Amino acid sequence: DLQLLKSKFRGSMLGVLTGDCLGSPYENEDLLTNGMKLVLQKSLDKLEGPAYKAPVMQFTDDSAMTRCVAESLVERGELDLIDLAKRFVKSYYQEPNRGYGAGVVTVFQKLRGNKFKDVLLPAREQFNGQGSWGNGGAMRVTPIALFAHQNYENLLDLTRKATEITHTHKIGIDGAILQAIAVQQCLHLDPNNALNVCDFIEELICKMDKIEQDEEGLDLAEAQPYKRKLNVMRKLISEDKEGPRSEEVIRHLGNNIVALHSVPTAIFCFLRAQKPITGIETENPLRRAIQYAITLGGDTDTIGSMAGALAGAFYGEDKFSSNLLKHCEASAEFAHLGERLYDTVSTQ
Ligand code: F2R
Ligand code: MG
Ligand code: MG
């Protein structure tokens, strides 16, 4: 169904944006208290309700970099690393106050300094040559997943390459890969059928098993860390009918800027939100996914954004409240970018 696929493209770009806009005010807040959860619940109710005057919610680096990836793919018709690096740098220097990671700014400075002669070197030099394990590659990967959704091997290849402009640590790269393949799975599922959560995780485990086995000579603290997290996630989601307590989710999956401690969490939020969650009053599973992600605290904009991308890719655009979208900066532009990506993919 091509209409549904187009709606999913638009929806996943809107998911990136809305999760980011809604999550960023709560970054590092302790939302586990019932009082704070209620503040969030009421705030989202108001934003979704009839015309309500409030300043437009600004997006952060997550959406700014996602926009660069989408525009580069649409305008070049392929992954052009130099073009993409130039867009990242231009976008950063135009709006440096979008809340970028402390380390990645050095990459932008060096890229500008070397005039993009070697677009991969600055990232390799990060953190004494270790590379960044931040979630900055994963947070912006959605357009790659959309662009390459028909060809899995190409999706892996493009994700690796696009991530390496800023993140060369295996944890940073594999986090981006995990988010990309999860978006791809969402894109290919029918939202009119109940999602089989265990099958969804099982498929990710098989894929990450293969991807992480290919990591020879890498000095990781543990072998196959993403596969392990996915196994933990499968247990967390199936053990208890009520669902695990938020503290348990944070303890096992994490809620910070490390890719390993945020990408699995975002996937968990999307999957957990297939069913009602105590304390989150909404019939809308897409809103539930984003709201739940924010209640976990920590890196709320990024976990909200990645969970939103997955939910948008699964449900499509229809689940987004039009009232809420009016409160998010550049929402029409992000939906349109999703459509332009769809047109690019369909004409190739
Ligand atoms: N940076 C933030 N939020 C905090 C400050 C924003 C605040 N609102 C404000 O500006 O007032 N959010 C954004 O950063 C995350 C994505 O970061 P990215 O792109 O991965 O950046 P970076 O710098 O590469 O990594 C982030 C930090 O992780 C630590 N780190 C990474 N690799 C490391 C390594 N190999 N060894 C040691 N530490 C490592 C460093 O502290 C990095 O600075 C998103 O949440 C986005 O929203
Ligand atoms: Mg951010
Ligand atoms: Mg963040």
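Q: What makes E27 one of the closest residues around ligand 1 in this predicted model?
A: Ligand 1 is surrounded by 23 residues, and E27, G103, S132, H167 and D299 are the closest; a residue counts as near if one of its heavy atoms lies within 4 Å of the molecule. This is a predicted model, in which local features need pLDDT of at least 70 and side-chain atom pairs count only at pLDDT 80 or more, while totals for chains, interfaces and linings use all residues. Residues are numbered from 1 along each chain as its sequence is written, ligands are numbered from 1 in the order in which they are written, and side-chain values use heavy atoms, without hydrogens and water.

Q: Why is T60 called a donor to the magnesium ion (ligand 2)?
A: Donors are N, O and S atoms within 2.8 Å of the metal (3.2 Å for Na, K and Ca); water is not among the atoms, so sites may look incomplete. T60 (OG1), D61 (OD), D62 (OD) and D301 (OD) coordinate this ion at 2.1 to 2.4 Å, so they are donors. D301 also coordinates the magnesium ion (ligand 3), 3.6 Å from ligand 2.

Q: Why is C206 called exposed, and C269 buried?
A: Buried means under 20% relative accessible area, exposed over 50%, and partly exposed in between (1.4 Å probe, protein chains only). C206 has 52% and therefore counts as exposed, whereas C269 has 0% and is therefore buried.

Q: How do you know that C206 is in no disulfide?
A: A disulfide is a pair of cysteine sulfur atoms within 2.5 Å. The nearest cysteine sulfur to C206, that of C198, is 13 Å away, and C206 is in no disulfide.
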